[in-house]
Amino acid sequence: MYTTNWSVIPQNLPLFLEGVRLTLTISALSLVLSLPIGIFAGLCRVSRNRVIAFFSACYVEFFRGVPLLVLLIWIFFVLGRFLRLGAYWSAIVGLAIFSGAFVAEVVRAGIQAVPKGQMEAARASGMTYIQAMKLVILPQAIRKVLPPLASQFIILIKDSSLVSVISVVDLTLIGKNLVATTFRSLEVWSFIALLYFVMTFGLSKIIALLERKFRAEWQ
């Protein structure tokens, strides 16, 4: 019969905290890269140029349909070796490309939620398409996409646990190594689940504060 022994947690607390730091660093860098990718792809999705819209749709549908685990392995063993990225940056690039596809759909939905009359009025006032998009449509779309973007960022933190399959040291890989040496799988994975919850819950609270701040400024 399995007997729990929680002493493994305080004895290895510095390792767990280092894993949290690495996980947050990887997630933050992936987020920074995924935002411009997603915004650009989202703008291309609503482009009146059918060729641009088609290739943007291909990017979104392909990377939303491919499992993240497979994508990380492809980038690490093919693109990563060709560009000499290494495991760490292969993981960040893979997460950014994968998350960018979902951000693109969020941006597209936000732009299309703005009434068409807004664009027509901006064009009638003499603005170019780019000026109307930049000064009229995007500011309104950003207000609408903040909540779904927050959800996507939280998912990104949880998705980062898969980078351990290409030997990137993060919280999950540290947990695997501890389980292999201590044989305390229940205690280690339960504590790691708690750490992921604290990270994602903390991020959701920070984003909620930002939403309230922006809403107050826009009103």
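**View A. Glu 105 and Arg 108 are three residues apart in helix α5 (residues 86–113), a separation of about one helical turn.** Helices here are DSSP runs of H or I with at least four residues, strands are E runs of at least two, and both are numbered from the N terminus. The model is predicted: local features need pLDDT of at least 70, side-chain atom pairs count only at pLDDT 80 or more, and totals for chains, interfaces and linings use all residues. Residue numbers start from 1 along each chain as its sequence is written, and side-chain values use heavy atoms, with hydrogens and water left out. Glu 105 and Arg 108 are joined by a salt bridge, N to O 3.1 Å (a side-chain nitrogen of Lys or Arg within 4 Å of a carboxyl oxygen of Asp or Glu). Both Glu 105 and Arg 108 are buried (under 20% relative accessible area; exposed is over 50%, partly exposed in between; 1.4 Å probe, protein chains only). Through salt bridges with shared partners, Arg 45, Glu 105 and Arg 108 form one network.

**View B. Glu 18 and Arg 21 form a salt bridge within helix α2.** Their closest N and O atoms are 2.7 Å apart. The two residues are three apart in α2 (residues 13–45), so about one helical turn separates them. Glu 18 is partly exposed, at 31% relative accessibility. Arg 21 is also partly exposed, at 46%. Five salt bridges are found in the whole structure.

**View C. In helix α3, the side chains of Glu 61 and Arg 64 meet in a salt bridge.** The N to O distance is 3.3 Å. The helix covers residues 50–65, and the partners lie three residues apart, about one turn. Arg 64 is partly exposed at 35% relative accessibility. Glu 61 is partly exposed too, with a relative accessible area of 42%.

**View D. Tyr 59, Leu 71 and Val 163 touch the most other members of the largest nonpolar core, which has 22 residues** (buried Ala, Val, Leu, Ile, Met, Phe, Trp, Tyr and Cys joined through side-chain atoms within 4.5 Å). Helices α2, α3, α4 (68–82) and α5 each supply at least two residues of this core. Helix α5 gives the most, with seven residues. Leu 71 touches Phe 63, Val 66, Gly 94 and Phe 98 (a contact is heavy atoms within 4.5 Å), leaving out residues up to four places away in sequence. Another core, apart from this one, has 18 residues, among them Val 106, Val 114, Ala 141 and Ile 207. In soluble globular proteins, nonpolar side chains tend to be buried together.

**View E. Nine aromatic pairs are found in the whole structure** (rings of Phe, Tyr and Trp, its six-membered ring, with centres within 6.5 Å; planes under 30 degrees apart are stacked, over 60 edge-to-face, the rest tilted). Tyr 59 and Phe 63 form a tilted pair, 5.2 Å centre to centre and with 55° between the planes. Both residues lie in helix α3, four residues apart, about one turn of the helix. Tyr 59 and Phe 63 are both buried. The pair of Tyr 88 and Trp 89 is edge-to-face, because the planes stand at 90°, with ring centres 5.8 Å apart. Tyr 88 is partly exposed at 30% relative accessibility, and Trp 89 at 40%. One aromatic cluster consists of Tyr 59, Phe 62, Phe 63 and Trp 74.

**View F. A nonpolar surface patch covers about 1,100 Å².** Its members include Phe 62, Leu 69, Val 70, Trp 74, Phe 82 and Val 165. Patches take residues with over 30% relative accessible area and no salt bridge; like charges are joined within 9 Å, nonpolar side chains (Val, Leu, Ile, Met, Phe, Trp, Tyr) within 5 Å. Areas come from the Shrake-Rupley method with a 1.4 Å probe; for residues, only the protein chains shown count as cover. Helix α4 gives the most to the patch, with eight residues. Val 70 is found in α4 and is partly exposed, at 31% relative accessibility.

**View G. The whole chain, for orientation, has nine helices and zero strands.** Its C-alpha atoms fill a box of roughly 75 × 45 × 30 Å along the principal axes. Of the 219 residues, 41% count as buried. About 12,400 Å² is exposed, and carbon and sulfur atoms supply 69% of that. Among contacts with a separation of 6 or more, 72% join residues 24 or more positions apart.
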